[in-house]
Amino acid sequence: PVFQVDEPSLSMLIGINTSPLAGQEGKLLTARLLQNRLNAELIGNVSLRVLNSERPDAWIVQGRGELQLAILVETLRREGFELTVGRPEVVTRRVNDKLHEPVEAITIDVQEDYLGVVTQLMALRKGRMIRTVNHGTGRVRLDYIIPSRGLIGFHTEFLTETRGTGLAHHVFHGYEPWHGELKTRPN
């Protein structure tokens, strides 16, 4: 039987460097070289998808998460490509004429002192608490269901607020109806 791989949940526009400073850091600058490299990546990385965009020198790359796309961009940069990289966006789908978005199941383990701040971070990102377990050792485990777009940029803020002591792990959970606008940044 064919091995089933989770569907991509994030997409990012990757194209050639079109800035006035192009050609100063890398040696691989053309759209043809970038397209060939992205197509070669598809052979070994079965969870990626590369789609055409409106621009002939840029492609929409879909992957399983922020980390996978960041590793791809860093690998390309280290190989000598100069890139234009867009902001990550979630891959949505229509189910019964309603917009659905990917959601993740996230497990967070923090000290009791940071329970309030973590709960607030998750509430701003439309996280839905499933379970809270107090181990009695000064640490609390929280289980949430959260939209994938709520996790974009979450890890840095989470580590800052928990002073580097928090642990978080998330996996793809499924698709749910669109949760509305997220206000993750105060400014």
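Contact here means heavy atoms within 4.5 Å of each other. On that footing, and setting aside neighbours within four places in sequence, Ala105 is in contact with Tyr144, Ile145, His169, His170, Val171 and His173. The model is a predicted one, in which local features need pLDDT of at least 70 and side-chain atom pairs count only at pLDDT 80 or more, while totals for chains, interfaces and linings use all residues. Residues are numbered from 1 along each chain as its sequence is written, and side-chain values use heavy atoms, with hydrogens and water left out.

Back to Ala105, then. This residue lies in strand E7 (residues 98-111), strands being DSSP runs of E with at least two residues and helices runs of H or I with at least four, both numbered from the N terminus. Ala105 has 22% relative accessibility and so counts as partly exposed; the scheme calls a residue buried under 20% relative accessible area, exposed over 50% and partly exposed in between, using a 1.4 Å probe and protein chains only. Arg128 is 23 residues away from Ala105 in sequence, and the two C-alpha atoms are 9.6 Å apart in space.

As for the overall layout, the protein chain has four helices and ten strands, which run along the sequence as β-α-β-β-α-β-β-β-β-α-β-β-α-β. The C-alpha trace spans about 55 × 40 × 40 Å along its principal axes. Of the 187 residues in the protein chain, 37% are buried. Among contacts with a separation of 6 or more, 74% join residues 24 or more positions apart.

Now to the inside. A nonpolar core is taken as a set of buried Ala, Val, Leu, Ile, Met, Phe, Trp, Tyr and Cys residues joined through side-chain atoms within 4.5 Å. The largest one has 16 residues, and the members that touch the most others are Ile14, Leu34, Leu38, Val61, Leu72, Leu76 and Leu83. Two or more residues of this core come from each of strand E1 (10-16), helix H1 (31-44), strand E3 (58-63) and helix H2 (66-78). Beyond residues up to four places away in sequence, Leu38 touches Val50, Trp59, Val61, Leu72 and Leu76. Another core lies apart from this one, with 14 residues that include Ile108, Tyr114, Val140 and Leu142.

Helix H2 deserves a paragraph of its own. Its 13 residues should span 18 Å at 1.5 Å a residue, and the end C-alpha atoms are indeed 18 Å apart, so the two agree; the expected span is 1.5 Å times one less than the number of residues. Gln68, Leu69, Leu72, Val73 and Leu76 are buried in H2. Viewed down the helix axis, the buried residues of H2 fall within an arc of 135° and therefore line one face, the arc being that of the directions from the axis to the C-beta atoms. These buried residues pack against E1, H1, E3 and strand E4 (83-85). On the face turned away from the buried side sit the exposed residues Leu67 and Arg78. After H2 comes Gly80, with a positive phi near 110°.

The aromatic residues are worth a look too. Two aromatic pairs turn up in the structure, a pair being rings of Phe, Tyr and Trp (its six-membered ring) with centres within 6.5 Å, stacked if the planes are under 30 degrees apart, edge-to-face if over 60 and tilted otherwise. Phe154 and Phe158 form a stacked pair, because their ring centres are 5.3 Å apart and their planes are at 25°. These two residues are four apart in helix H4 (residues 154-161), so about one helical turn separates them, and both Phe154 and Phe158 are buried. Phe172 and Tyr175, with centres 5.7 Å apart and planes at 70°, are therefore edge-to-face. Phe172 is partly exposed, at 21% relative accessibility.

Tyr175 also has a charge for company: the charged end of Arg93 sits over its ring, 3.9 Å from the centre. Likewise, the charged end of Arg149 sits over the ring of Trp178, 3.8 Å from the centre. For this call, NZ of Lys or CZ of Arg has to be within 6 Å of the ring centre and within 35 degrees of the ring normal.

Last come the backbone oddities. Asp97 is not a glycine, yet has a positive phi of about 65°; this residue is in the loop between strand E6 (93-95) and E7 and is exposed, with a relative accessible area of 70%. Lys126, also not a glycine, has a positive phi of about 65°. Its loop is the one between helix H3 (115-124) and strand E8 (128-134), and Lys126 counts as partly exposed at 36% relative accessibility.
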